[in-house]
Amino acid sequence: MATPHATIRGTAHGTAPVPLSVLDLATVGTGLTATDALRTSVELARTAERFGFHRFWVAEHHSMPGVASSSPAVILAHLAAHTDRIRLGSGGVMLPNHAPLVIAEQFGTLEAMAPGRIDLGLGRAPGTDGATAAALRRTDRRGAQGGEGADDFPQQLAELIRFLDDDFPDGHPYRRIHSVPGPVQATAPGGVQSPARPPVWLLGSSGFSAQLAGMLGLPFAFAHHFSAANTLPALDLYREAFRASEVLSEPYALIGVSALAADEEKEARRQALTGALSMVRLRTGRPGLIPSPEEAEAYEWSPVEREFADSWLANVVHGTAEEVRDGLNALAKRTGADELMITTNAHTPSARLRSYELMAGAYGLPDSDAG
């Protein structure tokens with residue numbers, strides 16, 4: 001089934017070089033609860049909609065105390081009830097963790113709740129450690145890197161798309177199984193259900209999904225925010241492998257980028273440091289809540305940790321609104337990305353909200369509440 005190009009391609013507003021979008025991890029800071037984090041997600045989505053950001057995605061992670069986005073479909077249903085126009089989606093659902101039919105049903109339901117506003121972004125990693133991936137999949141196979149199912153990703157993807165389009169061929173064991181809500185309702189006697197379904201995106205942090213997305217003619221989202229060294233090679237692979245499809249006539253790639261704006265450069269650095277410390281702890285097997293700026297400032301960094309933090313911060317576009325705008329513009333030009341999806345990770349909800357407001361102002365994005 002063809003997906004209209006308009007549901008994929010965004011429109012740049014103000015002086016932004018490309019469409020701007022938001023990636024939210026529903027982060028939980030020290031002294032705060034998951035309820036606080038999810039309320040902030042609603043505020044962020046409303047803020048993004050207010051300033052004309054194109055889409056708002058949430059990411060699937062598991063067994064991480066500082067990330068409350070373990071159930072993207074549930075969060076997206078909540079966000080759909082609190083927004084009206086902005087596209088909502090997964091950035092992404094980790095397909096190996098789930099049966100394809102379940103994802104087709106979840107996102108068919110979301111599409112019915114918010115017609116024409118849902119994106120289905122898919123990843124092939126587990127979004128967690130091997131033991132947690134095994135628990136999710138009810139299997140004892142924990143040794144394979146990337147988790148059980150990652151190597152079967154193309155087959156899982158093909159099955160999911162067939163469920164979404166309700167087009168298993170005659171003789172297939174799933175021919176009489178239908179994802180509902182979905183296209184089958186339009187073909188039932190008296191059916192008026194729209195056959196539309198969410199566009200599928202492939203996500204990646206290396207070359208595998210880039211090549212697969214290109215070969216299938218699907219839009220591609222690259223995780224520049226935690227795999228910056230691989231960004232240009234992956235985008236090149238995607239563009240070189242791209243074949244026109246019913247979905248896209250030419251490549252469309254967005255990149256996730258970590259950015260944080262504050263009223264003063266010093267405060268931006270202070271807020272960004274909390275994310276760096278959180279990543280140090282995660283990478284050393286000590287995942288926890290997002291530390292406060294005071295905790296990050298007082299932390300006694302080892303030389304190795306300091307080196308990692310400096311390297312991490314080098315890929316976070318942070319500073320005043322104008323500095324962040326200039327950094328994002330340079331990144332868009334260097335990568336040729338068709339869209340920038342901005343994730344702002346900080347301990348304090350007000351700092352995250354303020355960051356997006358400042359970026360919107362720097363690009364002259366119209367405030368729909370101002371009129």
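Helices here are DSSP runs of H or I with at least four residues, and strands are E runs with at least two, both numbered from the N terminus.

Ground rules first. I'm working from a predicted model, where local features need pLDDT of at least 70 and side-chain atom pairs count only at pLDDT 80 or more, while totals for chains, interfaces and linings use all residues. Residues are numbered from 1 along each chain as its sequence is written, and side-chain values use heavy atoms, leaving out hydrogens and water.

**Helix 7**

I looked just past the end of helix 7 and found Gly 217, which has a positive phi near 70 degrees. Then I checked which residues of helix 7 are buried (under 20% relative accessible area, 1.4 Å probe, protein chains only). They are Gly 207, Ser 209, Ala 210, Leu 212, Ala 213 and Gly 214. These buried residues pack against helix 5, strand 5 (200–204), strand 6 (220–222) and helix 8 (231–241); contact means heavy atoms within 4.5 Å.

**Helix 5 on helix 7**

I pulled up the pair next: helix 5 (residues 153–165) and helix 7 (residues 207–216) pack at about 40 degrees, their axes 12 Å apart. Axes are lines fitted to C-alpha atoms over the stretch in contact, and angles run from 0 to 180 degrees between N-to-C directions. From helix 5, Phe 153, Pro 154 and Leu 157 make the contact; from helix 7, Phe 208, Leu 212 and Leu 216 do.

**Thr 320**

Last stop was Thr 320, in the loop between strand 8 (316–319) and helix 12 (321–335). Thr 320 counts as buried because its relative accessibility is 18%. Leaving aside residues up to four places away in sequence, Thr 320 touches Ala 261, Ala 262, Asp 263, Glu 264 and Glu 265.

Key:
Buried < 20%, exposed > 50% of the residue type's maximum accessible area, 1.4 Å probe, protein only.
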